Every structure is written in structure tokens, then in C-alpha cells.
Amino acid sequence: MNNASGKTLIEFDDRTVRRFVIATVIWALVAMLVGVIAATQLNFWEMNGKFLQWITFGAFRSDGVEYLTFGRLRPLHTNAAIFAFVGNMMFAGIYYSTQRLCKTRTASDLLSAIHFWGWQLIIVCAAITLPLGFTRGKEYAELIWPINLMVAVIWVVFAVNFFWTLKKRNEPSLYVALWFYIATIITVAMLYIVNHLSIPTSLVHSYPIFGGVQDALVQWWYGHNAVAFFLTTPILGIMYYFLPKAAGRPVYSYRLSIIHFWSLVFIYIWAGPHHLLNTALPKWLQMLGMFFSLMLWAPSWGGMLNGLLTLRGAWDKLRTDPVIKFFVVAVTFYGMATFEGPLLAIRSVNALSHYSDWTIGHVHSGTLGWNGFMAAGMLYWLVPRLWGTKLYSQALANMHFWIGLIGILLYVSSMWVSGIMQGLMLNATKDGGVMLKYVEFLDTLNAIRPMMLARAFGGLLYLGGFLVLAYNIFRTIRSGKPVNETREVVILRKKEADVDGMGFLDTFRNDPVAFSILGILFLCLWFFLPPYGNLVALVCAGILTLMAIAAFKRTGKGWSVWHDKLLENWMPFSILALFAVVIGGAVQIIPTLTVNRSKNVEDRLQVTYTPLELAGRDLYVGEGCYNCHSQMIRTMVPDVLRYGDYSRLGESIYDHPFQWGSKRTGPDLAREGGKRPHSWHFQHMMDPRSTSPGSNMPSYHWMAEKKVDLKALPKKIGVLTRLGVPYPAMTKDAIYEMALEQGMVIAEDLKENGAYVAADSQMVAIISYLQKLGTFEQLDDAQPEGEAPPNILPAVPDKHRTKISRR
């Protein structure tokens with residue numbers, strides 16, 4: 001049926017795109033500059049603020065500035081790189097391509113403006129609060145609750161504008177890039193809301209509603225899929241639009257893009273638990289995460305090949321067009337990173353790589369290699385068109401390409417070497433596996449210093465490349481003037497383009513969806529049912545697969561026709577995408593609602609923190625100590641030899657947020673309590689190199705002078721009680737009295753050893769917390785079947801174990 005009702009001239013809203021382009025360049029430089037500073041801090045502790053004494057010729061005297069420590073700058077770097085740099089680049093690409101793919105102007109200029117300025121306000125607020133130490137203490141989710149509310153509101157504004165534009169489009173079918181945008185908008189909203197559910201205790205502080213293992217699972221369900229659906233799926237959509245445009249070639253395979261999209265969206269959401277291998281996470285969840293991570297190889301490489309093969313017949317442009325160079329290398333890095341990710345999800349490989357720099361190299365090969373080079377290619381292609389001119393200098397663009405490529409290769413390769421070296425040293429044993437070969441953690445840290453320095457230099461080169469880009473873009477903009485593209489389009493007779501598309505019932509009442517749902521059901525039963533029952537489920541899944549293949553062959557092009565009709569109606573398509581991502585999260589998270597309870601833990605139960613210890617824990621989180629120290633001893637012989645008995649699920653059950661960590665620049669602290677006197681911790685916080693020669697930890701001397709906020713404790717304890725932490729009923733006065741009494745005991749002990757601090761100082765509070773770590777209540781119940789063995793080192797002499805305090 002002919003739906004055309006005439007033609008009209010449309011002027012696209014390219015003003016919003018220009019705004020996001022400029023913001024992309026600015027925030028890219030900020031994110032990378034902070035990253036270079038953070039990288040140098042790992043080699044030179046003086047970069048935590050003492051350098052100010054040098055550059056002011058002694059006018060500013062300090063061993064460090066609390067706002068410039070690694071623990072506070074690293075979250076600023078990651079949030080700026082993800083949400084400011086890649087986020088603005090993503091929005092620029094989406095606003096530009098969506099209007100042209102829908103053949104209509106963005107639905108609301110007002111919503112576009114609110115989106116842009118609101119997003120920049122969020123970034124500025126993050127840039128202020130994170131160095132001030134206001135954080136939730138969860139990676140990629142550090143922003144405090146008022147900013148999180150702002151993110152949710154602005155994301156809804158973006159979503160409304162996007163889907164409204166889809167509704168008023170003048171193109172009957174949704175192009176592949178739009179599929180990835182839809183999945184991004186839906187899934188990021190779901191992930192962000194669930195992981196950021198918190199109860200405020202003040203304007204700048206809150207506790208997440210999840211705790212312990214449940215918080216760990218939800219965090220890495222979010223953390224892994226933030227990478228998937230913020231740094232991957234929208235950029236894939238941008239790839240599917242801009243790469244064919246730059247190459248002048250159609251996408252290599254439309255059918256492969258269908259397989260790529262649906263398999264990627266469904267599988268990715270299950271893979272989060274691979275960040276928690278060999279930990280206290282239930283083993284079935286670890287195996288589930290590893291299984292689906294390995295499955296990611298297929299769709300990820302399918303997308304990479306679809307991108308590279310799009311250049312068939314246009315490879316000659318690789319020699320002359322810097323845009324194509326950036327796109328080709330970006331897609332190649334995507335393939336490399338998505339090969340490495342599943343590799344690192346194998347438990348035996350993860351035992352070596354986790355908590356090491358290998359993971360850091362992997363993350364940056366994706367963020368800088370994939371996202372960064374896609375951003376550069378898109379900017380070099382977009383800016384001349386947005387300002388009606390030519391690129392100022394292709395030579396500078398080529399210079400940027402080679403500087404950036406050398407920088408990222410140096411960065412990633414140094415982190416590979418560093419991570420593997422440190423992993424091997426930390427896991428090395430002798431004397432039949434009952435003694436550590438490298439006893440001191442600092443031995444491994446000193447061994448990798450040359451690689452960390454190479455990493456900083458590689459990051460500096462990458463920053464230099466983007467400085468070249470900024471200059472090239474600036475000169476290009478100066479040579480032109482803003483231009484809004486106009487295009488004559490055919491207006492659909494029916495204003496709502498979705499009317500002729502597939503309805504809701506037809507969307508779900510068909511073979512493709514029915515077979516998919518039943519297949520997922522039987523696979524879940526195979527995973528959860530007991531022996532023999534799981535085999536029956538697996539056989540049923542196999543039979544169902546054969547039936548699906550037969551149905552596909554019988555209907556000929558019926559499934560393709562169904563999908564083509566599905567693409568004519570954005571709402572059923574979006575619901576199917578939502579279903580694909582919801583099921584994975586539900587299967588993982590819902591069972592942990594029962595596991596993470598005191599009556600369901602194994603042989604140990606965490607002892608609740610006293611008021612002063614709770615205050616110290618909040619300081620620990622605020623200083624970002626989790627960026628360098630883990631609190632999770634894995635079920636591995638070297639970990640147990642080095643740090644003490646492996647961590648149990650129940651030992652962190654009351655931790656809101658959990659502090660298992662993901663990187664060890666310093667040793668694990670899960671059993672730190674009682675190992676050293678208060679005076680050692682005081683000296684270590686004041687001057688780390690006095691107790692640990694060669695340490696790169698910054699000084700926290702200001703804690704000795706600053707007061708801890710005892711007035712906030714009653715509200716904090718009240719919130720934790722609501723969340724299930726078994727605090728007894730206490731009045732405000734009782735809470736103050738308990739905190740001061742414990743503080744006076746510690747302060748008196750420090751005084752006897754020549755250290756003078758107030759009982760209500762931050763230093764005393766954080767020492768009380770560190771001395772509490774590893775305290776638990778021994779339970780009499782037997783350990784559930786299927787969990788880690790109760791004693792994995794029966795032959796290890798007691799002198800090689802960490803002493804654990806029991807109360």
C-alpha cells in the first residue's frame with residue numbers, strides 16, 4: 001500500500017549535535033588529563049598533592065592534598081571518561097543519525113536543550129563532589145543520590161525525545177542503528193535505577209539497599225553491563241551508521257546484523273558474575289557468568305566482521321582518509337577487547353588476571369581503542385558537515401591517528417605485561433605449595449613500576465593526540481559557520497508510521513518468540529534442577545531446538561517477514577528488547593534475595609560495626625580506598641597463604657556498600673583487624689613509607705586534625721537498621737557516648753606510643769574500622785553443599801595463617 005502523501009522540506013536540528021560535539025572534545029581532554037595524573041600517582045606518590053610544594057617553590061607546604069589523592073581522582077577519571085566523554089559523543093551521534101534515519105526533525109527542541117544542559121550540569125556536579133569525597137563507593141556508580149536523581153530525570157527526557165521522534169518518523173522501518181539505540185536507552189535505565197536504589201542519610205550520603213554478596217552481584221550486573229550498554233551498544237549503532245557513510249558502502253550483511261543485535265543484547269546481561277570469580281559469590285552464579293561470557297565471542301566477533309567487511313571495495317580509502325583509519329582501528333580494538341573479555345572470564349585465567357593491571361589494560365583497550373577512536377573518526381566526519389566547511393588539516397588528523405595508536409598500544413601492552421607479571425608473582429608458591437615465594441606485596445609492586453611508568457607515558461601520548469584533535473576541530477569550526485542540513489522527504493500518509501506495523505499480540509504470538517522463550521526456560525531449568533532433572537531439561541531444550549529449525553525451514557522466509565514487520569512498530573520491538581535483558585538479571589538477582597540473609601549464610605556471620613567503626617568505614621569509602629585495596633580473600637591457595645582464611649559470604653552480609661574491590665594496588669584488607677597495633681596504622685596513614693618502604697600510597701595527614709561527623713551516626717544507624725543490620729535500639733546520646741568511649745581508648749593507646757590525636761578525630765575513626773576487619777561470629781550450622789570447601793589448606797602451619805578475631 002502506498003502511504004506517501006506528498007513531500008516536504010525538513011530542517012534537521014543540528015544545533016543540538018554541535019553542542020554535544022563541542023562538549024565531547026572538552027570533556028575528553030579533562031577525562032584524559034585526570035587519567036594521566038592518576039597514572040603518574042601510581043609511580044610517584046608526590047603527585048597526590050605534594051608536587052604543589054615544588055611548583056610554588058615552597059610557598060605551599062604539604063605532604064598531600066586530600067582533594068587530589070588517587071582514591072578521589074580515579075572515580076573522577078572513570079566517570080568523566082564514561083559519562084562525559086563517551087556520553088556526549090554518544091548523544092551527538094544519536095541525535096545526528098536518528099533524525100536522518102527517521103527522516104524527521106527531533107521531536108522537541110526544548111527537550112533536546114534540557115537534555116544537553118542537564119547532562120552538562122550532572123558532569124559539573126560530579127566533578128565537584130567526587131574530589132570532595134562524596135561517593136557511594138561503587139565503581140562507575142559513585143555519584144551521590146541527588147545527582148543520581150538528576151541522571152534519571154535527564155535520561156527520561158532523552159528517552160521521551162527519542163521515542164517521540166521514532167513515533168513521528170517518515171521512514172516505515174527501523175534501521176539497525178536504531179535497534180542498538182533502543183536497547184541502550186531501555187537497558188541503561190533499568191541498570192542505573194536498580195543499582196542506585198539507596199536510602200539517604202543526608203544530602204550527600206546514602207546507603208544502597210543491597211548489601212554484601214547481593215550488592216556485589218547487583219553492582220557487577222550494572223558495572224559489566226554499563227560497559228555493554230553505554231560503551232558498546234550505542235557505539236555499535238554509531239558504527240552501523242557512520243562507517244557505511246564514510247566508506248560509501250552499504251552494511252555488509254543485514255542478516256548478520258540481526259543475529260548480532262539479538263544475541264548480543266540477550267547474552268551480555270548474564271555475564272556480570274565473571275567479575276566475581278573465585279570469591280564468596282555462590283558457585284552456580286560464577287559458572288553462569290563464565291558460561292555466558294564465553295558465548296559472547298560469537299555475537300561480538302559477528303559485529304566486528306560485519307563492520308570490517310562493510311569496507312569491501314573501499315579499502316583503498318584506508319590510505320588517504322583518516323576517518324576510515326580511525327573507524328577500522330576502532331572496530332579492530334572492539335574485536336580484540338571482546339575476545340579478551342571472555343578469555344578473562346575463564347576461572348583459571350581470572351585467577352591470574354583479577355585484581356591485576358591486566359584488567360586495567362582490557363578496560364582501556366575498549367574505552368580508548370574502541371570508544372576513543374570511534375569518537376575521533378565520527379568527529380572528523382561530522383564537524384565539517386555541521387559547520388559547512390572542510391576539515392582544517394588531514395595531516396594533523398593523520399598525526400593524531402599515529403600518536404593515539406602508539407599511545408594506546410603502549411598503554412595496553414604495558415598493562416598486559418604488568419598484570420601477568422604481578423599475577424604470577426602473587427600466586428607463586430614454594431615448598432610444595434605451602435609457602436609464598438614472594439612474601440611482601442610491595443615486592444610485586446616494585447617489580448611492575450617500569451610498566452606503570454610506560455602506561456603513564458602511553459596515556460600522555462593518547463592525550464597529546466586528542467590535543468591535536470581539539471586544535472584541528474577548533475580551526476575547522478573557525479573556518480566555517482553553523483549549518484543545519486535541510487532535506488526533502490516524503491511524508492507518510494498516516495502520520496503514525498507504526499499503524500501498519502505488527503500489533504502487540506502478533507509480536508508475541510509467533511514461532512520465533514515462542515521457541516525463544518521456551519528455549520530460555522528449559523536452559524534455566526537445566527542449570528537449576530537437581531541431577532537427572534537437569535538432563536531432562538537439557539534434552540527438552542535440544543528437542544525444542546530441532547523443532548525450531550524445522551519450523552524455520554518449513555516457513556521459508558516467514559521468520560524474516562515477521563522481523564521486517566516487527567521493525568515497522570517501535571513499541572513491540574522495544575518490549576521484546578526489554579524482555580531480552582530483564583530475564584538475565586532476574587534469574588541472577590532474585591535468588592540472592594534469599595541467600596543474602598543471616599539465616600542462610602554458611603559458617604560465619606559478620607559482627608556489626610560499632611558507631612565509631614561505622615564512621616571510620618564511611619571515611620574509608622569516601623577516600624576511595626576500595627580503588628586500591630580489596631576486602632575479599634579468594635578461594636585460592638596463594639590468597640589464603642598471603643592474607644588468611646578465605647572470605648565467607650556471611651562475613652560481609654551487613655556491608656552497605658560491599659567493598660570486595662576489583663584491583664589490588666595494595667594488599668587485601670579482609671583480615672587486617674588485630675594484626676598490627678594502633679600506632680602502626682597511625683604512622684602508616686601519616687607517612688606510608690615509614691612503615692612500608694616503597695609504598696605509593698598518599699599521606700592522609702589531614703585525618704589527624706579533622707573531626708569525624710558523630711552527629712550523622714544516629715541517622716546512619718537508623719537507615720542500616722531499616723536495611724536489616726541488627727543494631728540494638730540506641731538513643732542519640734548512647735551512640736555518641738559509645739563512639740567517644742571507643743575513640744578515647746584508641747587515642748590513649750596512641751598517646752602512650754607518642755602519637756597525639758583527639759578521640760573524635762577522623763584518624764581514630766578509620767583506625768577503629770581497620771582494626772574491626774576480619775571480625776566474625778562463628779556459627780554451628782554445617783556449610784551448605786556445593787559451596788567452597790571449609791578448609792582448602794589443611795597442611796599449612798598456623799604461623800602462615802592470619803589470626804582472626806572472633807566475637
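Buried here means under 20% relative accessible area. The model on screen is predicted.

**Stop 1: T135 and the loop after α4**

Select T135, in the loop that joins α4 (109-129) to α5 (145-167). Its relative accessibility is 14%, so T135 counts as buried. Show the side chain and look toward G137: the T135 side chain reaches the backbone nitrogen of G137 at 2.9 Å. Next, display the contacts of T135, leaving aside its neighbours within four places in sequence. These are L130, E142 and I144, together with V621, G622 and Y626.

Stay in this loop and select Y140, which also lies between α4 and α5. Check the backbone torsions: Y140 is not a glycine, yet has a positive phi of about 65°. With a relative accessible area of 11%, Y140 is buried.

**Stop 2: Y355**

For another positive phi, go to Y355, in the loop between α13 (347-353) and α14. Its phi is about 70°, although Y355 is not a glycine. The relative accessible area of Y355 is 3%, so this residue is buried.

**Stop 3: S393 and helix α15**

Now move to S393, found in the loop between α14 (357-386) and α15 (394-427). Is S393 buried or exposed? Its relative accessible area is 14%, so S393 is buried. Zoom in on the start of α15, where a side-chain oxygen of S393 comes to within 3.4 Å of the backbone nitrogen of A395.

Then select the whole of α15 and place a distance label between its end C-alpha atoms. How far apart should they be for 34 residues at 1.5 Å a residue? The expected span is 50 Å, and the end C-alpha atoms of α15 are 49 Å apart, which agrees.

**Stop 4: helix α19**

Repeat the exercise on α19 (residues 511-528). Its 18 residues, at 1.5 Å each, should span 26 Å, and the end C-alpha atoms are 26 Å apart, in agreement. Colour the buried residues of α19: P512, V513, F515, G519, I520 and C524. Turn the view to look down the helix axis. The buried residues of α19 fall within an arc of 165°, so they line one face of the helix.

**Stop 5: rings**

Switch to the aromatic side chains. The structure holds 54 aromatic pairs. One of them is F20 with F116: the ring centres are 5.0 Å apart and the planes stand at 85°, so the pair is edge-to-face. Planes over 60 degrees apart count as edge-to-face. F20 belongs to helix α1 (residues 14-41) and F116 to helix α4, so the pair ties together parts that are 96 residues apart in sequence. Both F20 and F116 are buried.

Two charged side chains over rings can be selected next. R18 lies over the face of W387, at 6.0 Å from the ring centre. The charged end of R648 sits over the ring of Y646, at 3.8 Å from the centre of that ring.

**Stop 6: L720 and the cis peptide bond**

Select L720, in helix α27 (residues 713-722). Its relative accessible area is 4%, so L720 is buried. Which residues does L720 touch, not counting those up to four places away in sequence? They are Y207, L614, H656, V725 and Y727. For a residue away from this site, label the C-alpha distance from L720 to G694: 39 Å in space, with the two positions 26 residues apart in sequence numbering.

From L720, follow its contact to H656. The peptide bond from H656 to P657 is cis, with omega near 0°. P657 itself is found in the loop between α24 (637-643) and α25 (678-686).

**Stop 7: D687**

Finish at D687, in the loop between α25 and α26 (688-691). The relative accessible area of D687 is 32%, so this residue is partly exposed. Add T332 to the selection and label the distance between the two C-alpha atoms. D687 and T332 are 45 Å apart in space and 355 residues apart in sequence.

Technical notes. Residues numbered from 1 in each chain as written. Predicted model: local features only at pLDDT ≥ 70, side-chain atom pairs only at ≥ 80, totals over all residues. Heavy atoms only, no water. Helix = DSSP H or I, 4+ residues; strand = E, 2+ residues; numbered from the N terminus. Buried < 20%, exposed > 50% of the residue type's maximum accessible area, 1.4 Å probe, protein only. Polar contact = N/O pair within 3.5 Å; in protein donor to acceptor, adjacent residues only side chain to side chain. Contact = heavy atoms within 4.5 Å. Expected span 1.5 Å × (residues − 1). Arc of directions from axis to C-beta. Phe/Tyr/Trp six-rings, centres within 6.5 Å; stacked < 30°, edge-to-face > 60°. Lys NZ or Arg CZ within 6 Å of the ring centre and 35° of its normal.
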